[in-house]
Amino acid sequence: MPEALHISGLVKRYPTGVEALKGVSLDIPQGEFFGLLGPNGAGKSTLIHCTTGLASPTSGQIEIFGHNAVNHYGEARALVGLAPQEPNLDHFLTLEETLDFHGGYFGMPKKDRRERSKELLDAFSLTDKRQERTRTLSGGMKRRLILARALMHRPELLILDEPTAGVDVELRLELWQYVKRINEEGTTILLTTHYLEEAEQLCGRMAFINGGEIVAEGTGPALAKQFGVSSLEDAYLELVGRKELSRAKIDEAIA
Ligand code: ADP
Ligand code: MG
């Protein structure tokens, strides 16, 4: 059985000269809920953009369920649902049109599109708004629609790029519930975040990325052990070179 996502030796150099990925290798088996953690500018979105055809890799291999993401883009991309970091809805489309056009792009027949969009609008509590233009939605509703759109063509691999950045507590918890369920139903998930709590709640395995390189990989406890500390947060602080911020150390100093 091929991996949901197989990346080896991925390098991305932007025309500006920035080397955002410096030879990244990563394997995500089918069914996993995988977290990619790292500070701003680490290369998380670049990795996702290379995987989904929004950026072209400088070198290296990317395969999605065994399909080469560059040479067999169509087959590979059809298996992926992407909720991008920057909301990119068309403001002049209604919610229904947003989902319908997306399904059309992926070749879904009309009847299936109608049923699937109805089901998703309902699941994300957006049915009342279905004929409104997306520009009228609140930030939280936009996030939900973006997730519904990502799921429209029933992808096997769902990629969430910082889905809860700037989102209020209720919506964050609601989104966690949805994606947990989707994972339990069999969809493989790649989540990027810099919220450690989010990663701990959702992800089985995770990788730390910093400066375009993956520096550690494993479950939360395994990562902590690798850095010789007792929590994921402390491991992360080691990663970004800020261990003086460790809450355990601060508590010790106060005591
Ligand atoms: P993250 O998602 O982890 O915050 P990014 O992948 O967005 O990181 O960025 C990684 C690095 O690549 C940063 O130094 C960023 O400034 C740079 N970068 C990202 N996109 C572009 C681009 N389109 N052109 C040039 N540099 C970019
Ligand atoms: Mg990003």
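Gln131 touches Thr94 and Glu96, once residues up to four places away in sequence are set aside, and in this predicted model Gln131 sits in the loop that runs between helix H4 (110-123) and helix H5 (139-151). With a relative accessibility of 59%, Gln131 counts as exposed, because the cut-off for that class is over 50%. Measuring from C-alpha to C-alpha in the model, Gln131 and Phe101 lie 14 Å apart in space, with their positions 30 residues apart in sequence.

Helix H4 also holds Asp122, which is exposed at a relative accessibility of 55%. The C-alpha atom of Asp122 is separated by 30 Å from that of Pro29, and the two residues are 93 residues apart along the chain.

The chain as a whole gives the setting for these local details. The protein chain has 10 helices and 10 strands, and its radius of gyration of 19 Å is close to the 18 Å that the globule rule gives for 255 residues, so the chain is as compact as a globular protein of that length. Taken along the principal axes, the box filled by the C-alpha atoms is roughly 60 × 45 × 40 Å. Of the 255 residues in the protein chain, 46% are buried, while the accessible surface comes to about 12,400 Å², with 49% of that area belonging to carbon and sulfur atoms. Among contacts in the chain with a separation of 6 or more, 66% are between residues 24 or more positions apart. The chain carries 29 positive and 36 negative charges, and the mean positions of the two sets are 5 Å apart.

Two residues deserve attention for their backbone angles. Most residues other than glycine have a negative phi. Arg154, although not a glycine, has a positive phi of about 55 degrees, and Glu162, also not a glycine, has a positive phi of about 50 degrees. Arg154 is found in the loop between H5 and strand E7 (157-161), whereas Glu162 belongs to the loop between E7 and helix H6 (169-184). Their surroundings can be read from accessibility: Arg154 is partly exposed at 43%, but Glu162 is buried at 4%.

Glu162 is also one of the contacts of His194, a list that, leaving aside neighbours within four places in sequence, consists of Gly38, Asn40, Glu162 and Tyr236. His194 itself lies in the loop between strand E8 (188-193) and helix H7 (196-202), and a relative accessible area of 28% makes His194 partly exposed. Ala222 is 28 residues from His194 in sequence, and the C-alpha atoms of the two are 18 Å apart in space.

The cysteines offer a further check on the interior. Cys50 is buried at 1% relative accessibility, and Cys203 is likewise buried, with a relative accessible area of 9%. With a disulfide taken as a pair of cysteine sulfur atoms within 2.5 Å, the count comes to zero disulfides.

The relative accessibilities of several residues discussed above are set side by side here.

| Residue | Relative accessibility | Class |
|---|---|---|
| Gln131 | 59% | exposed |
| Asp122 | 55% | exposed |
| Arg154 | 43% | partly exposed |
| His194 | 28% | partly exposed |
| Cys203 | 9% | buried |
| Glu162 | 4% | buried |
| Cys50 | 1% | buried |

Methods
Residues numbered from 1 in each chain as written. Chains lettered and ligands numbered in written order. Predicted model: local features only at pLDDT ≥ 70, side-chain atom pairs only at ≥ 80, totals over all residues. Heavy atoms only, no water. Buried < 20%, exposed > 50% of the residue type's maximum accessible area, 1.4 Å probe, protein only. Helix = DSSP H or I, 4+ residues; strand = E, 2+ residues; numbered from the N terminus. Rg over C-alpha atoms; globule rule 2.2 N^0.38 Å. Contact = heavy atoms within 4.5 Å. Areas by Shrake-Rupley, 256 points an atom, 1.4 Å probe, with all protein chains shown as cover. Lys, Arg positive; Asp, Glu negative; His and termini not counted. Charge placed at Lys NZ, Arg CZ, Asp CG, Glu CD.
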